[in-house]
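Work through the exercises below with the structure open beside you, and try each task before reading its solution.

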Amino acid sequence: MTLPEHIISLNTLRFAWHGHPQPLLDIDSFDVMRGERLFVRGASGSGKSTLLGLVAGVLTPLSGAIEVLDQRLSEMTAAERDHFRAHHFGIIFQQFNLIPYLSVIENVTLPCQFSDQRRRKSISRSGNPRDEALRLLEHLDMADSAVIHKPVTELSVGQQQRVAAARALIGSPEILIADEPTSSMDADRRAAFIELLFRECEETGSTLLFVSHDQGLREPFDRAIEFDRLNRAASGRPPNRKEFS
Amino acid sequence: MNIASLAIKSFRNRKLSVGLAIASITLSVALLLGVEILRSEAKSSFASTVSGTDLIVGARGGSVNLLLYSVFRIGNPTNNIEWHSYEEISALPGVKWSIPLSMGDTHAGFRVVGTDDNYFEHYRYARDRRLGLQQGAWFGDEDEIVLGAEVAASLGYRLSDKIIVAHGAGDESFIKHADEPFRVVGILAATGTPVDRTLYVSLAGFDHMHEAWQTAEDGHDHDPLAATASAEGHTDEEQHAEDEHLDEEYSISAFLLGLESRAVAIGLQRRINQFEHEPLSAILPGVTLLELWEIVGLVEHALRAISIFVVIVGLSSLLIILMTSINERRREMAILRALGARPGHVFALILGEAIAITLSGIGLGILLVCGIFMLGQGWIASRFGLFIELNLLTPNLVYGLLLITLIGCLIGLIPGIRMYRYSLVDGMTIRV
């Protein structure tokens, strides 16, 4: 099987919020290679999260094409995109990643409930989703039973983000999206967290799309992109304007 | 995806607010059901009190008052009817049977009615059910008394017990005559009507008791009224009464008529209302029951309105709790969306919660009402004479509960739709 060069490919993409005449995003072309670890830097509020929403199929563009894993998202129905996202994406947010009323293990295995594909992968790897969750948590130094049995709301921010990483990684999705995952951590923990992500991505062969405003994190990545250069709609606009709140 | 298990876990996480919402619906449903059951039971027990009687005749006065004292043992007759009027009307063509009623005395708070065999023979309640005896027989002699089921049960009387009757309709008898006791010869089977709370004696026994009372009064010579009464010629009463027994002209309070056919009732009613010897009123019990119910209906409507408002308050608190929760849960929904949940899932989670709260509220409300009525049945029966039959499947109640369920679902739509919109707009952005 020959691997396609691009895992994500955007073409002449335009996006505007409903009722806003000015497009927020206007991207001529944006490609992510399979297995690549890409760093996208941009100021907060510049539309990075919107770009991630488009790639993950939560938002739909005004015009232009989005191809992920050789499939055109724009040709899918909303339900198909939701399934597609469940199967192929692992997503880590800036904070508040966890469902407060679920246990650590339940949070980690949640994607297996939305995607049979990821469930099967986790079973083939560790026998069942629970053991796969434990294996991932162990890799992330979170397998301590005292930590695992805590209510997720009592975990530290760093611990919560590692649980979120385990959840994003379970069932080995092809693409890992991380939206400012380290912004609430101190510098030491940041580096350690990114290292963990790299290690896991390498192991599962996942592509990592990492978005941050912090240029200091760029160093270990294969490639870096300045978001404002990518987005033509950003030119002529004050850099830190909030586009939607 | 097992949305249901997520919903249940989310429920458990918000035990307090979900519990409060359920409690407020439970209480409001219980109140609505309780009021509705009491109302319909009161109404049907009212309506079932008299059956088969075509006309009720009493001294001229309000028709509702006549119905109340003759059938429900509430209030007092204004005037008596002369015996020959009774005999004359009973003999009119079209009259099938007649039941004379003498009232005005009580025993331990229960009314005593003087009547004759026709009462036992012809009186009907509920749907054409006749009176039955659980023990003994209907009275024959003037010193015999028959008890309603509740009288016997609450006072603990048995056959052959001696009973002393007091004059007046007050709760506590103020004059007793130890020398004129009645002997219990029969106890009626329970009917769920005022019959159960009545003691029955013969017309002769009833009059005899009065004469004895007047004698006693004469003896004590306390009351100027009693003196006037004795001036009317009851001086050699004892002997006199015994002699005149058979053709005695009793004075009665009212009488019930059964007719050959319903068709003659209106004509007969007019005829009685224009009776020449004394002013009389005849009423059609069904018509007067409706009149009575219109008066009571005001209270009924008020009660119903109150319980409906309580249900509205209960459902509003559901809305408030759901709307507050979606703000807390917006983040949770964005996470679920990122994991592949569809906006439809998000919508279903919120709507499902509203439906679950409404249904469990209704279920608990029904249980609460059943529990209360089962435990309180005895008390309600003895205190108010209402025999509650727990029938929750009346069309009114079923429609009411369905309506509450429907409104609960509609209320769930509001936060559900809002959350659906959020999930589209928020995308994967977590807003706090």
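The exercises that follow concern a predicted model, and each solution goes step by step.

**Exercise 1. A helix with two sides**

Task: Find which residues of helix H4 of chain B are buried, and explain where they lie around the axis.

Solution: Begin with helix H4 of chain B, which runs over residues 83–90, and pick out its buried residues, namely B:Ser85, B:Tyr86 and B:Ile89. Next, consider their directions from the axis: these residues cover an arc of only 100 degrees, which means that they sit on the same side of H4(B). Finally, turn to the other side of H4(B), where B:His84 and B:Glu87 are exposed.

**Exercise 2. The order of strands in a sheet**

Task: Describe the open sheet of four strands in chain A, and say which strands are at its edges.

Solution: First read off the order of the strands in chain A, which is S2-S1-S4-S5, with antiparallel pairing. The edge strands are S2 (25–33) and S5 (71–72) of chain A, since each of them pairs on one side only. Then look at one pair in detail: strand S1 of chain A, residues 6–15, joins S2(A) through eight bridges in the antiparallel sense. Within this part of the chain, A:Phe15 has A:Leu25 in S2(A) as its bridge partner.

**Exercise 3. Nonpolar cores**

Task: Name the residues that touch the most other members of the largest nonpolar core, and follow the contacts of A:Ile177.

Solution: The largest nonpolar core holds 101 residues, and those touching the most other members are A:Ala166, A:Ile177, A:Leu209, B:Leu318 and B:Val346. Taking A:Ile177 and leaving aside its neighbours within four places in sequence, one finds contacts with A:Leu52, A:Ala56, A:Phe89, A:Ile91 and A:Leu209. Another core, of 52 residues, lies apart from the largest one, and its members include B:Leu55, B:Val71, B:Ala152 and B:Ile283.

**Exercise 4. Where the two chains touch**

Task: Determine how many residues each chain brings to the contact, and which helix gives the most to the side of chain B that touches chain A.

Solution: Start with the counts, which are 24 residues from chain A and 20 residues from chain B. On the chain B side, helix H1 (3–13) and helix H11 (285–338) each supply at least two residues, and H11(B) gives the most, with five residues. As a last step, sort the residues on this side of chain B by kind, which yields eight nonpolar, six polar and six charged.

Definitions and conventions
Residues numbered from 1 in each chain as written. Chains lettered and ligands numbered in written order. Predicted model: local features only at pLDDT ≥ 70, side-chain atom pairs only at ≥ 80, totals over all residues. Buried ≥ 20, exposed ≤ 12 C-beta atoms within 10 Å, placed from the backbone. Arc of directions from axis to C-beta. Core = buried A, V, L, I, M, F, W, Y, C linked by C-beta atoms within 7 Å. Contact = placed C-beta atoms within 7 Å. Pairing = 2+ DSSP bridges. Nonpolar A, V, L, I, M, F, W, Y, C, P; charged D, E, K, R; others polar.
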